[in-house]
Amino acid sequence: MTDSALPAWRTLRASVRGAAHERAGLPNQDAVRIVRLDAGRALLVSLADGHGSAKSFRSRSGARLAVVVAQKVCGHLFKLDRPSQIKRWAEEQLPLELVRHWLEGVNRSLQRQPFTSAELETLDTAARQQVESYPSLAYGSTLLAVVVAPGFILYLQLGDGDFLTVSAEGEITRPIPQDARLIANETTSLCSPKAWNEVRVRFQTLAGAPPALILAATDGYANAYRDEAGFQQVARDYWELLRDEGEEAVRPHLKDWLNEASQQGSGDDITLGLLWRPVAQF
């Protein structure tokens, strides 16, 4: 597939502090990054959700590190020649490299700024022993990333959060199914033991038309809705607004909509990344 075959994808992003975090005086623990790769021929959107628990007192830094590491590691995909090589490396090596680079970043952070007594004194004895034994717990974060390239789309997920795709006809799919193990506030994480085994990867060769819209969101968004149907309708609504009225019908309102969802629903931080193809391409 030639470079010119890559659709002119457009992107939008927004991140808001959760209503519960505002009441507690806590910062937004999420991070989002959108960059071009492969000399501008590919697009990466990555989102991370820092845990924000007492033991993960540096998770805001862990989330910011995660989206930077995603950019670095996914850039290697474009050093490979054939789609089969890219697929194999993405499924077998990318999770290992992702976790390795994140842990290296955590170690560099700790060398520059060791834990302070003020950070540790809020923990009970058991929690403090855990953090001192496994310092990466303090930086715990999930990660979502999607790479759109001329010949493929790659979805990557570690922990909770959601991908939804919308076809030109309005059909909704989940490229990575929900993980039934993740209930309540439990999630796999970059700080989990052998976290590379928990990374889920979906490599999709583009034999036909790509999705019309890809939605990536931290778990606070889906949790703001009563059921899956309500959340899926949000993705369909975004696509219909972008298709019929254009970017200006969405961009100025994104933060307000996310704030409303947090206030009336989950109370959690919400971060959203949208990729879509202008209707002229259909």
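## A guided tour, starting at Arg251

Begin by selecting Arg251, which at 40% relative accessibility counts as partly exposed. Keep in mind throughout the tour that this is a predicted model. With Arg251 still highlighted, add Glu248, and you will find that the two side chains meet in a salt bridge, with 2.3 Å from N to O. If you then add Arg10 and Glu247 to the selection, you have a network of four residues, Arg10, Glu247, Glu248 and Arg251, joined by salt bridges that share partners.

Now move to other charged pairs, since the structure holds 12 salt bridges. Side chains of opposite charge can pair when their charged atoms come close. Select Arg243 and Asp244, whose closest N and O atoms are 2.8 Å apart in a salt bridge; of these two partners, Arg243 is partly exposed, with a relative accessible area of 30%, whereas Asp244, at 54%, counts as exposed.

Next, select Arg174 and Glu228, which also form a salt bridge, again with the closest N and O atoms 2.8 Å apart. Which parts of the chain does this pair link? Arg174 lies in the loop between S7 and strand S8 (200-205), while Glu228 lies in helix H8, so the salt bridge links distant parts of the chain, 54 residues apart. Is Arg174 buried or exposed? Because its relative accessibility is 18%, and the cut-off for buried is under 20%, Arg174 counts as buried, whereas Glu228 is partly exposed, with a relative accessible area of 27%.

### The open sheet and its helices

Turn now to the strands, and colour S1, S10, S9, S6 and S7, which in that order form an open sheet of five strands with antiparallel pairing. At the edges you will find strand S1 (10-16) and strand S7 (172-173), each of which pairs on one side only. Follow S1 across to strand S10 (residues 270-276), where seven bridges join the two antiparallel strands, and stop at Arg13, which stands opposite Gly273 in S10.

Then select helix H8 (residues 228-245), which packs on the sheet and touches S1, strand S6 (162-166), S7, strand S9 (213-217) and S10, its direction making about 50 degrees with that of S6. Helix H9 (residues 254-266) also packs on the sheet, where it touches S1 and S10, and its direction makes about 45 degrees with that of S1.

### Into the nonpolar cores

For the next stop, go to the largest nonpolar core, which has 45 residues, and select Leu77, Leu94 and Leu143, the residues with the most contacts inside it. Several elements each supply at least two residues of this core, including strand S2 (30-37), helix H3 (83-92) and helix H4 (94-112), but helix H2 gives the most, with eight residues. Centre the view on Leu77: leaving aside neighbours within four places in sequence, Leu77 is in contact with Ile86, Trp89, Ala90, Leu94, Val147 and Leu154. A second, separate core has 27 residues, and you can locate it by selecting Ile172, Val234, Ala235 and Tyr238, which are among them.

### Where two helices cross

Finish with helices H3 and H4, whose axes come within 4 Å and cross at roughly 50 degrees, which makes H3 oblique to H4. To see the contact itself, select Trp89, Ala90, Glu91 and Glu92 of H3 together with Leu94, Pro95, Leu96 and Glu97 of H4.

Methods: Residues numbered from 1 in each chain as written. Predicted model: local features only at pLDDT ≥ 70, side-chain atom pairs only at ≥ 80, totals over all residues. Heavy atoms only, no water. Pairing = 2+ DSSP bridges. Contact = heavy atoms within 4.5 Å. Axes fitted to C-alpha atoms, helices over the stretch in contact; angles between N-to-C directions. Core = buried A, V, L, I, M, F, W, Y, C linked by side-chain atoms within 4.5 Å. Buried < 20%, exposed > 50% of the residue type's maximum accessible area, 1.4 Å probe, protein only. Parallel < 35°, antiparallel > 145°, perpendicular 65-115°, else oblique.
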